[in-house]
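Let's take a walk through this structure together. Have the sequence and the 3D view ready, and follow along as we go.

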Amino acid sequence: MNFAIKTGSLKSLTTSCLVLGVYQNKALPDITAEVDKLLKRKLSRIVAAGDMNGALGQTVMVHNPDGMRAKRILLVGLGKKTDLDRKKFARAVGAAAGTLKKHSVPDAADTLANVTVKDADIGKLGQLLACTLENSIYQYNHTKSKKGKKPALKKIDVYLADKSQQGTLQAGLDIGSAVATGMSVARELGNLPANICTPTYLGEQAIALGERYKDLTTKVLTEAQMKKLGMGSLLSVGNGSDEESRLIIMEYKGGDPKVKPNVIVGKGITFDTGGISLKPGAAMDEMKFDMCGAASVMGTMTALCKLRPNINVVGVIASAENMPSGHATKPGDIVTSMSGKTIEVLNTDAEGRLVLCDALTYVERYKPNSVIDIATLTGACIVALGSVNSGLMSNNDELADKLRRHSLEVNDPVWRLPLDEEYQKQLDSNFADIANIGGPKAGTITAGCFLSRFTEKYPWAHIDIAGTAWLQGKEKGATGRPVPLLVEYLLNN
Ligand code: BES
Ligand code: MN
Ligand code: ZN
């Protein structure tokens, strides 16, 4: 998608569709009021007639507005003026995007970034606007013989009333657009079926990314190389699979080489059958999404490569396929992790933590400033937080607070769960240093506790995206979360 800033006369703005906001209670934002005057109060009359009451997300398309260059006007409800926050703003932009799509509008001029939104400057609004609009045109086609109709929308002029804010707005648009590209990378990888998107495939995609962008160096470790490193825990997950496991390392070097990197680590189980602790059949297809943490790492690295910030970031993906077979790990088997800790695998379906723990030990070599892992780790997280917030756990309050704050800024919320010492004993094992499950209580937290045993050497946070990484039902598909949060955190820390 192409974004350009436009200033000056609204009357002579050439566009297929001018997007204007309307508040609830009939009030009009300044720009809408200006256009209303040009149109001899036509917009006020539409509002007075009750066709548009300004409720959040309501849209009305007006064709051939007399006396203006614009071919159409799209009115978008913004809700109550005093309630307008980032979340509602993004909802309004999303509603506009949906209507533009429905009408196959090829280009639009959007004025919404000029409204006043609580705690957001025009840069942040531009970022949300670009991200939301660009995301709306994502379409999955890879495995369809009949490709969907290409989305018409290609170009957005972002109208700016106050010219002095051009720089701020441009910076926001650039970030929003890069984040949307990153999200579409994450969505596409998530949506691909597990017979295409294997650990080997993820490795190949990472190599391709490294070849495309010179700021990125990619390394893919094979099973033999991981064995040498002592990654007995990660390797145990792929034992039952004919697909080889992979550890993928992507180093983005944009900053002073002396500055310690921030590290992101993604769970990349390309299919999770549960292994010998086999999952029930219903909706098992959705376990192709069990690599959405890995996909978010790939998407985030892509966004960074596009933006080229002066920072250092390492992205790591721990990838395996969890299958039952005569070679598979069995309940009760004990494996030795790279850290030297032994693990009793009481349930082979708690495999995410087994691949992550070795990746988390591996990244100690970077002496990282911070490490964030992202994983579709526990069904219990869906029970606790649903599909609104991702679960956040951390050994560092400052890092957790930052992530919560950034998550609200980009509309990709996380909510922190506690990691009290008292939960740790649920992981006691009679036969190994630690068990891989902690019983029925507090399943998301005990998974976090398990990881915390491998992250004592750096500030660490864990994001459980089991409920937020994909949608179910008619809209089944990957969401691209939490790419917005990860990019926001990395750019600002
Ligand atoms: N990938 C699943 C978690 C999951 C399940 C995410 C459903 C989204 C939807 C994970 O590997 C898993 O199976 N976790 C188990 C852990 C349990 C055995 C302690 C779970 O949540 O049931
Ligand atoms: Mn599992
Ligand atoms: Zn899993």
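What follows is a tour of the metal sites, the ligand beside them, and some of the surrounding elements.

Please keep in mind that this is a predicted model. A good place to start is the zinc ion (ligand 3). Its protein donors are Lys 267 through NZ, Asp 272 and Asp 290 through OD, and Glu 351 through OE, at 2.0 to 2.4 Å from the ion. Along the chain, these donors follow the spacing K-x4-D-x17-D-x60-E. The zinc ion (ligand 3) has six donor atoms around it, and because they subtend angles of 78 to 175 degrees, the arrangement is octahedral. For reference, six ideal octahedral donors give angles of 90 or 180 degrees at a metal.

Now look at the manganese ion (ligand 2), 3.2 Å from the zinc ion (ligand 3), with Asp 272 coordinating both. Asp 290 sits in the loop between strand 9 and helix 9, while Glu 351 sits in the loop between strand 12 (342-345) and helix 10 (352-362), so this pair ties together parts that are 61 residues apart in sequence. Are these two residues buried or exposed? Asp 290 is buried, with a relative accessible area of 2%, and Glu 351 is buried as well, at 1%.

Which protein atoms hold the manganese ion (ligand 2)? Its protein donors are Asp 272 (OD), Asp 349 (O), Asp 349 (OD) and Glu 351 (OE), lying 2.0 to 2.2 Å from the ion. In sequence, the donor residues are spaced D-x76-D-x1-E. The six donor atoms of the manganese ion (ligand 2) make angles of 70 to 167 degrees, and the site is irregular. Asp 349 is partly exposed, with a relative accessible area of 22%.

Asp 349 also leads us to ligand 1. An N or O atom in the side chain of Asp 349 is 2.8 Å from an oxygen atom of ligand 1. Two backbone contacts involve nitrogen: a backbone N or O atom of Thr 376 lies 3.3 Å from a nitrogen atom of ligand 1, and a polar backbone atom of Leu 377 is 3.4 Å from a nitrogen atom of ligand 1. The protein covers 78% of the 520 Å² of accessible area that ligand 1 has on its own. In total, 17 residues surround ligand 1, and the closest are Lys 279, Asp 290, Asp 349, Glu 351 and Gly 379.

Next, turn to helix 10. How many of its residues are buried? The helix is mostly covered, with 11 of its 11 residues buried. Among them are Gly 352, Arg 353, Asp 358 and Tyr 362.

Our last stop is Lys 288, found in the loop between strand 9 (262-272) and helix 9 (292-307). Lys 288 and Thr 273 are 15 residues apart in sequence, and their C-alpha atoms are 9.3 Å apart in space. Leaving aside residues up to four places away in sequence, Lys 288 touches Gly 190, Asn 191, Leu 192, Pro 193 and Ala 194, along with Thr 270 and Phe 271. With Asn 191 there is a polar contact too: the backbone oxygen of Asn 191 is 2.6 Å from a polar atom of the Lys 288 side chain.

Terms used: Residues numbered from 1 in each chain as written. Chains lettered and ligands numbered in written order. Predicted model: local features only at pLDDT ≥ 70, side-chain atom pairs only at ≥ 80, totals over all residues. Heavy atoms only, no water. Helix = DSSP H or I, 4+ residues; strand = E, 2+ residues; numbered from the N terminus. Contact = heavy atoms within 4.5 Å. Polar contact = N/O pair within 3.5 Å; in protein donor to acceptor, adjacent residues only side chain to side chain. Donors = N, O, S within 2.8 Å, 3.2 Å for Na, K, Ca; no water. Tetrahedral: all angles 85-135°; square planar, octahedral: opposite > 155°, others 65-115°. Buried < 20%, exposed > 50% of the residue type's maximum accessible area, 1.4 Å probe, protein only. Near = heavy atom within 4 Å. Areas by Shrake-Rupley, 256 points an atom, 1.4 Å probe, with all protein chains shown as cover.
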